[in-house]
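Here are a few short exercises to work through with the model open. Try each task before you read its solution.

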Amino acid sequence: MNGFLAIAEILQYVPTPLGRVLRAAFYRVTLEQVGKGVQFHLGSIVTDRRACIGAASRIGPGCSVGYAKIGARVLFAQSIHVLSGRHQHTKGLELKCVHIGDDCWIGAGAVIMGSVGDSSIVGAGAVVTKDYGSNQTIVGNPARPK
């Protein structure tokens with residue numbers, strides 16, 4: 001295991017509010033971009049150093065984020081998984097960067113494998129397997145516009 005993941009795995013379990021401060025400071029130094037005011041709640045982890053997270057976004061408790069570009073003011077509920085496309089592991093496969101636009105809300109337990117446009121809502125438990133545009137409400141398994 002590399003040093004980045006080892007530290008990220010330890011920091012995900014540091015209780016709040018100290019944990020939120022430590023996780024934000026660590027990710028601000030190690031990720032490609034972390035905007036001002038981003039919160040990483042208890043149990044949240046970012047597994048790919050190429051991830052970018054826009055200002056004032058909230059990564060809720062128990063979330064995992066792979067190779068992703070997350071916009072500003074995005075709200076993640078708890079237990080959301082943003083995979084690197086349809087692949088979370090690198091065994092000879094090229095990882096896909098998943099984009100989540102600005103001002104999105106992602107419901108609890110969602111799994112995101114495709115990109116989501118600006119100002120969209122992903123319902124709780126949705127499994128997003130393909131890309132969706134802006135201003136959509138996406139629900140279900142597999143996810144579809146409502």
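**Exercise 1. Find which residue of S6 stands opposite Ile45, then place the pair in its sheet.**

Step 1. Ile45 faces Ser64 in S6. Strands here are DSSP runs (E, at least two residues), helices are runs of H or I with at least four, and both are numbered from the N terminus. Residue numbers start from 1 along each chain as its sequence is written, and the model is a predicted one, where local features need pLDDT of at least 70, side-chain atom pairs count only at pLDDT 80 or more, totals for chains, interfaces and linings use all residues, and side-chain values use heavy atoms, with hydrogens and water left out.

Step 2. S3 and S6 (residues 64–65) run parallel and are joined by two bridges. That's enough to pair them, since DSSP has to find at least two bridges between two strands.

Step 3. Zoom out: the open sheet has five strands, ordered S3-S6-S9-S12-S14, with parallel pairing. S3 and S14 (127–128) are its edge strands, each pairing on one side only.

**Exercise 2. Work out where Ser44 sits and what its side chain reaches.**

Step 1. Look in the loop between S2 (39–40) and S3: Ser44 is there.

Step 2. Ser44 counts as buried because its relative accessibility is 0%. The cut-offs are under 20% relative accessible area for buried, over 50% for exposed and partly exposed in between, with a 1.4 Å probe and protein chains only.

Step 3. A polar atom of the Ser44 side chain lies 2.6 Å from the backbone oxygen of His41.

Step 4. For contacts (heavy atoms within 4.5 Å), skip neighbours within four places in sequence; Ser44 then touches residues including Gln12, Arg23 and Tyr27.

**Exercise 3. Do the same for Ser120: is it buried or exposed?**

Step 1. Ser120 belongs to the loop between S12 (111–112) and S13 (121–122).

Step 2. Its relative accessibility is 0%, so Ser120 counts as buried.

Step 3. The Ser120 side chain reaches the backbone oxygen of Gly117 at 3.1 Å.

Step 4. Not counting residues up to four places away in sequence, Ser120 touches Trp105 and Asn135, among others.

**Exercise 4. Which residues of H1 are buried, and what covers them?**

Step 1. In H1 (residues 3–11), the buried ones are Phe4, Ala8 and Leu11. They sit on the same side of H1, because they cover an arc of only 65° around the axis, taken from the directions from the helix axis to the C-beta atoms.

Step 2. Their cover includes H2 (18–30) and S3 (45–46).

How values were computed
A polar contact is a pair of N or O atoms within 3.5 Å; within protein, one must be able to donate a hydrogen and the other to accept it, and residues adjacent in sequence count only if both atoms are side-chain atoms.
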